[in-house]
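Dear colleague,

I am passing on the structure we spoke about, which you will find just below. My notes on it follow, and I would be glad if you could read them with the coordinates open beside you.

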Amino acid sequence: MTSTESRLLVKEAPPSWIACERCRYLNHRRRLEREMFVCPACGQHLRLSAAQRIGMLLDPGSAHRYRRLGCDFQNTAMVR
């Protein structure tokens, strides 16, 4: 397969498949979640939203405690 063909496959990939930003390897979303969004082919750490990163750090179900304190993980501004 040529690089042009692989780029076309990446553009046409369904949303459950995510291409690595470095090697363009197609990863299934569930596998990336298990691997904590690290590409198994090249070791690249894929981008995460703030909510995804916080979700990886907190215990399941513990985010409701922080929401009661007024912390809304979905609507936070980026620090520049």
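Confidence varies along this predicted model, since among the elements of the protein helix H1 (residues 3-11) has the lowest mean pLDDT, at 49, while strand S2 has the highest, at 93. Over residues 4-8 the pLDDT is below 50, and beyond near neighbours in sequence this stretch has one contact in the model. For the protein as a whole the mean pLDDT is 75, with 60% of the residues reaching 70 or more.

As to the overall layout, the secondary structure comes to four helices and two strands, and from the N terminus on the elements are arranged as α-β-β-α-α-α. Of the 80 residues in the protein, 19% are buried, and the protein exposes about 6700 Å², with carbon and sulfur atoms supplying 53% of that area. Among contacts with a separation of 6 or more, 6% are accounted for by residues 24 or more positions apart.

Which residues make up the largest nonpolar core? There are seven in all, namely Ile 18, Cys 20, Leu 32, Phe 37, Cys 39, Leu 46 and Leu 48. In soluble globular proteins, nonpolar side chains tend to be buried together. Within this core, Ile 18 touches Leu 32 and Leu 46, and its contacts that are not counted among residues up to four places away in sequence also include Tyr 25, Leu 26, Asn 27 and Arg 29.

Asn 27 deserves a separate look. Asn 27 has its place in strand S2 and is buried, with a relative accessible area of 1%. A polar atom of the Asn 27 side chain lies 3.3 Å from the backbone oxygen of Tyr 25. Leaving aside neighbours within four places in sequence, Asn 27 is in contact with Ser 16, Trp 17, Ile 18, Cys 20, Leu 32, Cys 39 and Pro 40, and of these Ile 18, Cys 20, Leu 32 and Cys 39 belong to the largest nonpolar core.

The cysteines may interest you as well. How many disulfides does a search of the whole structure find? The search finds zero. The sulfur of Cys 20 has its closest cysteine sulfur in Cys 42, at 3.5 Å, and because a disulfide requires the two sulfur atoms to be within 2.5 Å, this is too far for a bond. For Cys 23 the closest cysteine sulfur is also that of Cys 42, here at 3.7 Å, which is again too far for a bond. Cys 20 counts as buried, at 0% relative accessibility, whereas Cys 23 is partly exposed, with a relative accessible area of 33%.

Finally, two backbone angles are worth checking on your screen. Most residues other than glycine have a negative phi. Arg 24, however, has a positive phi, near 65°, and is found in the loop between strand S1 (17-19) and strand S2 (26-28). Met 36 likewise has a positive phi, near 60°, and is found in the loop between helix H2 (29-34) and helix H3 (50-57). Arg 24 is partly exposed, with a relative accessible area of 41%, and Met 36 also counts as partly exposed, at 48% relative accessibility.

With best wishes

Key. Residues numbered from 1 in each chain as written. Heavy atoms only, no water. Buried < 20%, exposed > 50% of the residue type's maximum accessible area, 1.4 Å probe, protein only. Core = buried A, V, L, I, M, F, W, Y, C linked by side-chain atoms within 4.5 Å. Contact = heavy atoms within 4.5 Å. Polar contact = N/O pair within 3.5 Å; in protein donor to acceptor, adjacent residues only side chain to side chain. pLDDT = per-residue confidence, 0-100. Areas by Shrake-Rupley, 256 points an atom, 1.4 Å probe, with all protein chains shown as cover.
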